[in-house]
Amino acid sequence: MMQEAMAMDKGMSTATVTGPSMAQMPLTFMKTGETGTVVKVREKGDVLHHLENLGFVAGAEVKVVSEQAGNFIVEVKGAQVALNKQVAQRIITR
């Protein structure tokens, strides 16, 4: 409390981090049942356009429903989508 008052007097922010900052990682690093947030999609052209239409945009929540042999079924914006390993690696989450 005293530190917060001192920070206010000096015009400093009193925001605190409640846990470790989450590192960015490809969707392929997520395990079944885990939920993450899309940070960016490292893809171009038609594939990028298709992924954006499915809901893979920055800020979208994505949940891994299942994974088998590197291929994923994920839930994004209320729909389940199958992704092969190559595409899933291009979706960056945190």
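**Group meeting: a walk through the sheet and its core**

Let's start with one pair of residues: Val41 has Ile91, in strand E6, as its bridge partner. I picked that pair as a way into the sheet, and we'll come back to Ile91 later. Before going on, please keep in mind that this is a predicted model.

So, the strands that pair here. E2 and E6, which covers residues 91-93, run antiparallel to each other, with three bridges between them. E2 also pairs with E3, again antiparallel and again over three bridges. If you want a residue to look for there, find Thr37, which sits opposite Glu61 of E3.

Now zoom out. What is the strand order in the open sheet? Reading across, you go E1-E6-E2-E3-E4-E5, six strands with antiparallel pairing. And which strands are at the edges? Those are E1, residues 25-26, and E5, each with a pairing partner on one side only.

The protein as a whole has three helices alongside those six strands. Walking from the N terminus, the elements come as α-β-β-α-β-β-β-α-β. Of the contacts between residues at least 6 apart in sequence, 55% link residues at least 24 apart.

Okay, on to the core. The largest nonpolar core holds 17 residues, and the ones with the most contacts inside it are Leu27, Val38, Leu51, Phe56, Val74, Leu83 and Ile91. There's Ile91 again, the bridge partner of Val41. Which elements give two or more residues to this core? They are strands E2 (35-41), E3 (61-68), E4 (71-76) and E5 (79-83), plus helix H3 (85-89). E4 is the top contributor, with three residues.

Let me stay with Leu83 for a moment. What does Leu83 touch, once you leave out its neighbours within four places in sequence? Its contacts are Leu51, Phe56, Asn71, Phe72, Val74, Ala88 and Ile91.

From the core to the outside, then. Of the 94 residues in the protein, 27% are buried. The exposed surface comes to about 6,700 Å², and carbon and sulfur atoms account for 52% of that.

Two loop residues caught my eye. Most residues other than glycine have a negative phi. Ala69, though, has a positive phi of about 55° and is not a glycine. Where is Ala69? It lies in the loop between E3 and E4. Buried or exposed? Ala69 counts as exposed, because its relative accessibility is 72%.

The other one is Lys77, also not a glycine, with a positive phi near 50°. You'll find Lys77 in the loop between E4 and E5. Lys77 is exposed as well, with 62% relative accessible area.

Last thing, how confident is the prediction? The mean pLDDT for the protein is 85, and 78% of the residues are at 70 or more. Where does pLDDT stay under 50? That's residues 1-19, and for that stretch the model has five contacts beyond four places in sequence.

So, if you open the structure afterwards, try following Val41 across to Ile91, then go from Ile91 to Leu83, which is in contact with it. Both Leu83 and Ile91 are among the core residues with the most contacts inside it.

Key. Residues numbered from 1 in each chain as written. Predicted model: local features only at pLDDT ≥ 70, side-chain atom pairs only at ≥ 80, totals over all residues. Heavy atoms only, no water. Core = buried A, V, L, I, M, F, W, Y, C linked by side-chain atoms within 4.5 Å. Buried < 20%, exposed > 50% of the residue type's maximum accessible area, 1.4 Å probe, protein only. Helix = DSSP H or I, 4+ residues; strand = E, 2+ residues; numbered from the N terminus. Contact = heavy atoms within 4.5 Å. Pairing = 2+ DSSP bridges. pLDDT = per-residue confidence, 0-100. Areas by Shrake-Rupley, 256 points an atom, 1.4 Å probe, with all protein chains shown as cover.
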